[in-house]
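Here are my notes on the model you passed along. Have it open while you read, since the points go back and forth between strands and single residues.

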Amino acid sequence: QVQLVESGGGLVQPGGSLRLSCASSVDIKSIYQLGWYRQGPGNVRRPVATIRNTGGTDYAKSAEGRFTITRDNAKNTVNLQMNSLKPEDTAVYFCNAEVNYTSGIKNYWGQGTQVTVSS
């Protein structure tokens with residue numbers, strides 16, 4: 001069982017920055033992939049950025065060049081630095097952990113943190 005707790009959301013003006021953090025209850029070195037997803041009003045949840053335990057990363061096109069995902073193995077956290085924020089980035093952001101068990105893959109989710117980009 002993996003518990004994830006997000007922090008760092010809030011209200012920011014267009015062009016501003018926010019840093020989201022997600023704390024894991026287990027050693028993240030044992031987690032194959034960590035990621036950030038977002039869900040806007042009336043929309044489905046979509047991936048924003050993911051990072052594997054090898055260090056490999058993937059970004060949504062909308063996030064490339066503006067967002068950076070990192071993992072801190074010492075603190076068991078995964079972070080999302082968001083720069084040059086736009087109103088369309090407004091959403092609830094969820095932390096995700098994908099764990100490979102011998103019985104199969106299981107996904108865990110945090111409770112979400114609200115990010116609002118508005119002047």
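The points below start with a sheet, move on to loops and a hairpin, and end with one arginine and a pocket.

1. First, a reminder that this is a predicted model. Everything below should be read with that in mind.

2. Let's begin with the four-stranded sheet. The sheet is open, its strands come in the order β1-β3-β8-β7, and the pairing is antiparallel. The edge positions go to β1 (4-7) and β7 (67-72); each has a single partner strand, so one side of each is left without a neighbour in the sheet. On average, neighbouring strands here are turned by 15 degrees against each other, if you ignore direction.

3. Now for the pairings inside that sheet. β1 and β3 run antiparallel and are joined by four bridges. If you want a residue to click on, S7 has S21 as its bridge partner in β3. On the β8 side, β3 (residues 18-24) pairs with β8 (residues 77-82) over six bridges, also in the antiparallel sense. There, R19 sits opposite Q81 of β8.

4. β3 is worth a look for its side chains too. As a rule, side chains in a regular strand alternate between the two faces of the sheet. In β3, L18, L20, C22 and S24 point to one face and are buried. R19, S21 and A23 point to the other face and are not buried. Two of the residues from the previous point turn up again here: S21, the bridge partner of S7, and R19, which stands opposite Q81.

5. Which backbone angle would you check at N76 and S84? In both cases it is phi: N76 has a positive value of about 55 degrees without being a glycine, and S84, also not a glycine, has a positive value of about 50 degrees. N76 belongs to the loop between β7 and β8, while S84 is in the loop between β8 and β9 (91-101). S84 is partly exposed, with a relative accessible area of 40%.

6. After that loop comes a hairpin, in which two residues link β9 to β10. The two strands pair over six bridges in the antiparallel sense, with β10 covering residues 104-109. N100 and I105 of β10 stand opposite each other.

7. My favourite residue in this model is R38. Is R38 buried or exposed? This residue of β4 (residues 33-39) has a relative accessible area of 15%, and it counts as buried because that is under the 20% limit. Its side chain makes polar contacts with two other side chains: S62 at 3.3 Å and Y93 at 2.8 Å.

8. There is plenty more around R38. Beyond its neighbours within four places in sequence, its contacts include V44, R45, R46 and V48, as well as F67, E88, D89, A91 and V92. S62 and Y93 are on that contact list too. Along the chain, R38 and T113 are 75 residues apart, yet their C-alpha atoms are separated by 9.3 Å.

9. Last, the pocket. The largest one has a volume of about 150 Å³. It is lined by 14 residues, and the closest to its centre are R38, G40, N43, V44 and R46. Two elements, β4 and β5 (46-52), give two or more residues to the lining. Which of the elements provides the largest share of this lining? That would be β5, with three residues. R38 thus shows up once more, as do V44 and R46, both of which are in contact with R38.

Notes
Residues are numbered from 1 along each chain as its sequence is written. This is a predicted model: local features need pLDDT of at least 70, side-chain atom pairs count only at pLDDT 80 or more; totals for chains, interfaces and linings use all residues. Side-chain values use heavy atoms; hydrogens and water are left out. Two strands pair if DSSP finds at least two bridges between them. Axes are lines fitted to C-alpha atoms, for helices over the stretch in contact, and angles run from 0 to 180 degrees between N-to-C directions. Buried means under 20% relative accessible area, exposed over 50%, partly exposed in between (1.4 Å probe, protein chains only). Contact means heavy atoms within 4.5 Å. A polar contact is a pair of N or O atoms within 3.5 Å; within protein, one must be able to donate a hydrogen and the other to accept it, and residues adjacent in sequence count only if both atoms are side-chain atoms. On a 1 Å grid over the protein atoms alone, a cavity is a set of points where a 1.4 Å probe fits but cannot get out, and a pocket is an open set with protein on both sides within 12 Å along at least five of seven lines; lining residues have an atom within 4 Å of a point. Grid points are joined across faces, edges and corners, and a volume is the space filled by probe spheres set on the points.
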